[in-house]
Amino acid sequence: MVYKIAKERKAQVPLKMVWKEGIKRPQVLCDQCGHHIKDAKNGNALWLIKIQEYPEPEDIFFTHKQCTHAFELQRKGMWGTLDLDAFPIQLAANLGIRVKMT
């Protein structure tokens, strides 16, 4: 299936490359407060749930767990959530990357 790529995102881009300890490192920013999510256990991935037969892909947003409720209240619709520590595992699987669990 071919999807249309959104020309505009409805929020900041939550992934940033940040200079730290002499190299650039990726960081996830909270779409609600704008601060770095330092611990995956303290974050959520969110997407708008649309009820239709073949829904278009939705933007993924990231929030601190304590920011999730405010994020959802400020935006209309029903939101799906996934714990941020599970998100990279599902993403890796969709990219064909094998993750060895220890």
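A residue is called exposed here when its relative accessible area is over 50%, buried when that value is under 20%, and partly exposed in between. With those words in hand, let us walk through this predicted model, starting with a helix that shows both extremes.

Helix 1 spans residues 65-74, and its buried residues are Cys 67, Thr 68 and Phe 71. These residues lie on the same side of helix 1, because they cover an arc of only 120° around the axis. Turn to the face pointing away from that buried side, and you meet the exposed residues Gln 66, His 69 and Leu 73. What covers the buried side? The cover over the buried residues of helix 1 includes strand 3 (43-49), strand 4 (61-64) and strand 5 (78-83).

Now step back to the whole chain. The protein chain has 2 helices and 5 strands, and from the N terminus on these elements run β-β-β-β-α-β-α. Of the 102 residues in the chain, 24% are buried. Contacts across the sequence are well represented too: among contacts with a separation of 6 or more, 53% join residues 24 or more positions apart. On the outside, the accessible surface comes to about 8,100 Å², and carbon and sulfur atoms account for 57% of that surface.

Let us go inside next. The largest nonpolar core has 9 residues, namely Val 28, Cys 30, Ile 37, Ala 45, Phe 62, Cys 67, Leu 82, Leu 84 and Phe 87. Cys 67 is familiar by now, as one of the buried residues of helix 1. Another core member worth a look is Phe 87. Leaving aside residues up to four places away in sequence, Phe 87 touches Ala 45, Ile 60, Phe 62 and Leu 82. Of these partners, Ala 45, Phe 62 and Leu 82 are themselves listed in the core.

Strand 2, residues 23-28, offers another buried position, Gln 27. Gln 27 counts as buried because its relative accessible area is 14%, and the cut-off for that label is under 20%. Which residues does Gln 27 touch? Setting aside those up to four places away in sequence, its contacts are Pro 14, Leu 15, Lys 16, Val 18, Lys 20 and His 36.

A short way back along the chain is the loop between strand 1 (15-20) and strand 2, where you will find Glu 21. The backbone there deserves your attention: Glu 21 has a positive phi of about 55°, although it is not a glycine. Glu 21 is exposed, with 65% relative accessibility. Its side chain also meets that of Arg 25 in a salt bridge, at 3.2 Å from N to O. Arg 25 is partly exposed, with a relative accessible area of 32%.

That brings us to charge pairing in general. Side chains of opposite charge can pair when their charged atoms come close. How many salt bridges does the structure hold? There are 3, and the pair just described is one of them. In another, Lys 50 pairs with Glu 58, with the closest N and O atoms 3.4 Å apart. Both partners are partly exposed, Lys 50 at 39% relative accessible area and Glu 58 at 24%. Lys 65 forms a salt bridge with Asp 83, where the closest N and O atoms are 2.7 Å apart. Lys 65 lies in helix 1 and Asp 83 in strand 5, so this pair ties together parts that are 18 residues apart in sequence. Here again the partners are partly exposed, with values of 33% for Lys 65 and 40% for Asp 83.

A longer span of sequence is bridged at Asp 39, which sits in the loop between strand 2 and strand 3. Asp 39 and Asp 85 are 46 residues apart along the chain, yet their C-alpha atoms are separated by 8.4 Å. Asp 39 is partly exposed, with a relative accessible area of 40%.

Our tour ends towards the end of the chain. Ile 89, Leu 91, Leu 95, Ile 97, Val 99 and Met 101 make a nonpolar surface patch of about 570 Å². One of its members, Leu 95, lies in the segment after helix 2 (87-94). Leu 95 counts as exposed because its relative accessibility is 58%.

Methods
Residues numbered from 1 in each chain as written. Predicted model: local features only at pLDDT ≥ 70, side-chain atom pairs only at ≥ 80, totals over all residues. Heavy atoms only, no water. Helix = DSSP H or I, 4+ residues; strand = E, 2+ residues; numbered from the N terminus. Buried < 20%, exposed > 50% of the residue type's maximum accessible area, 1.4 Å probe, protein only. Contact = heavy atoms within 4.5 Å. Arc of directions from axis to C-beta. Areas by Shrake-Rupley, 256 points an atom, 1.4 Å probe, with all protein chains shown as cover. Core = buried A, V, L, I, M, F, W, Y, C linked by side-chain atoms within 4.5 Å. Patch = residues over 30% accessible without salt bridge, like charges linked within 9 Å, V, L, I, M, F, W, Y side chains within 5 Å. Salt bridge = Lys/Arg side-chain N within 4 Å of Asp/Glu carboxyl O.
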